[in-house]
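Here is a friendly first walk through a protein model. Have a look at the picture, then read on.

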Amino acid sequence: MSLFDVYPLFDVTPVRANDVFMYDKNGTEYLDLYGGHAVISIGHSHPTYVKNITDQVEKLGFYSNSIQNPLQIQLSTKLESISGCEGYKLFLCNSGAEANENALKLASFHTEKKKVIAFKNSFHGRTSAAVAATDNKKILAPINAQQEVDFFALGDLKGVENSLQQNDVCAIIIECIQGVGGLDESTPEFYRGLEKLAHQYGALLIADEVQSGFGRTGDFFAFQKHQINPDIISMAKGMGNGFPVGGILIHPNIKASYGMLGTTFGGNHLACVASLAVLTVLEKENLMQHVHAMSVYFLEKAIGLPKLKTIKGRGLMLGLEFDFEVGALRKQLIFEYHIFTGSAKNPNLLRILPPLTLQKEHIDLFFEALQKEL
Ligand SMILES: Cc1ncc(COP(=O)(O)O)c(C=O)c1O
């Protein structure tokens, strides 16, 4: 049987990894500035992560959500204290799309409305409502097109208000820093304006923190810079450092009822232990402070780079926008310099999404390579 061919692949076969480095089957070392698409948060094969998952799988790897699982309580307690999202409730699932799907569904249950407001260049995942709220017609199957979504440019509060006035919108969903779309971010006034409008017209504000959450921007969540309190916050990627785990944080005003949401695998024992290890290491190694320091260093090194138009993003969720398309440069970085970077919808943007344990010497390696190539 062959594989369903949906991914264009680089001809590299990593077989092991440690911290910010990956090693292929020939023993070649690659610097990972991509983090497997912003997933590796505390570094590949972190010893705390490996030990905690190994210990847990020896005891109990999985049981369904029909029994008591104290690890879920431990995770929600630790998440509340580290994130500062006091009083929110936690629902666990398995991926980013699933987190957004549950967030949108919950908003619809809560408000009894069904239209969604989303933004140009957004990416929220590939499940039914999440993909409908994603600004990419190419990945929207006819079955998904039945979900009504109004798209607006970032910053367009007037357009958002006009749509809300129809009184049929259940949710406004937004990435405070866009990921796949290319690291665009609006002003604090815009995000606060959205929060106000959502409250005024009885819609819920969903912050999609799937990519930007868990310390990647130097704050626990990217929205926190704008001092807003979203009704629902979706999470995944860095949450499990590679173990598939996602979730939503739900404002206490939204009430639960039995059967409203559910999943077989979500919140299983291994997923909880993986995410608890991430939180433990984030705290113990002061990784959010470290992200700020590395981001400053990265930006200093980037200034004056030839052909660079602008630098976007925050923390270690960064984009270098050049005056040329970066596809060939990305390949050259992998095959000539053994450095992984990411791409974006914007073809001129090179994305930097490394493990949060990145050090100055790794940033130096990247800029030495870029200086040679440009
Ligand atoms: C902001 C954002 N939301 C949702 C998703 C979907 O996550 P997943 O691929 O885990 O379903 C992604 C994935 O890239 C993302 O960047």
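What order do the strands take in the open sheet of four strands? The answer is β1-β2-β3-β13, and the pairing is mixed. At the edges stand β1 (14-18) and β13 (339-340), and each has a single partner strand, so one side of each is left without a neighbour in the sheet. Strand β3 (residues 29-32) runs parallel to β13, and two bridges join them. Look for D32 here: its bridge partner in β13 is F340. Keep in mind throughout that this is a predicted model.

**The seven-stranded sheet**

There is also an open sheet of seven strands, again with mixed pairing. Read across, its order is β4-β10-β9-β8-β7-β5-β6. The edge strands are β4 (89-93) and β6 (149-152), each of which pairs on one side only. From one strand to the next, the twist averages 20°.

Inside this sheet, you can pick out β5 (residues 115-119) and β7 (residues 169-174), two parallel strands joined by three bridges. I117 has I172 as its bridge partner in β7. As a general point, the strands of a sheet pair through backbone hydrogen bonds, either parallel or antiparallel.

**The nonpolar core**

I172 turns up again in the largest nonpolar core, which has 105 residues. Together with V116, A171, I206 and I232, I172 touches the most other members. As for where the core's residues come from, helix α8 (residues 269-284) provides the largest share, with eleven residues. Domain 1 (14-42 + 286-373) and domain 2 (48-284) both contribute residues, so the core lies between them.

If you'd like to zoom in on one member, try I206. Leaving aside neighbours within four places in sequence, I206 is in contact with A103, A107, A171, I172, I173, P230, D231, I232 and S234.

**Where the two domains meet**

How far apart are the C-alpha centres of domain 1 and domain 2? They lie 26 Å apart. The contact takes 23 residues from domain 1 and 26 residues from domain 2. On the domain 1 side, α1 (35-38), α9 (287-302), β11 (308-314) and β12 (317-322) each supply at least two of the residues that touch domain 2. Of the elements on that side, α9 gives the most, with five residues. The domain 1 residues that touch domain 2 divide into twelve nonpolar, eight polar and three charged.

**Two residues with a positive phi**

Finally, two loop residues are worth a look. Neither N121 nor F214 is a glycine, yet N121 has a positive phi and so does F214. Here they are, one to a row.

| Residue | Phi | Loop | C-beta neighbours within 10 Å |
|---|---|---|---|
| N121 | about 75° | between β5 and α5 (128-132) | 21 |
| F214 | about 60° | between β8 (204-208) and β9 (232-235) | 30 |

Are these loop residues buried or exposed? N121 counts as buried because 21 C-beta neighbours lie inside 10 Å, where 20 or more is the cut-off. F214 is buried too, with 30 other C-beta atoms within 10 Å.

Note on methods: Residues numbered from 1 in each chain as written. Predicted model: local features only at pLDDT ≥ 70, side-chain atom pairs only at ≥ 80, totals over all residues. Core = buried A, V, L, I, M, F, W, Y, C linked by C-beta atoms within 7 Å. Buried ≥ 20, exposed ≤ 12 C-beta atoms within 10 Å, placed from the backbone. Domains from an automatic or database assignment. Contact = placed C-beta atoms within 7 Å. Pairing = 2+ DSSP bridges. Axes fitted to C-alpha atoms, helices over the stretch in contact; angles between N-to-C directions. Nonpolar A, V, L, I, M, F, W, Y, C, P; charged D, E, K, R; others polar.
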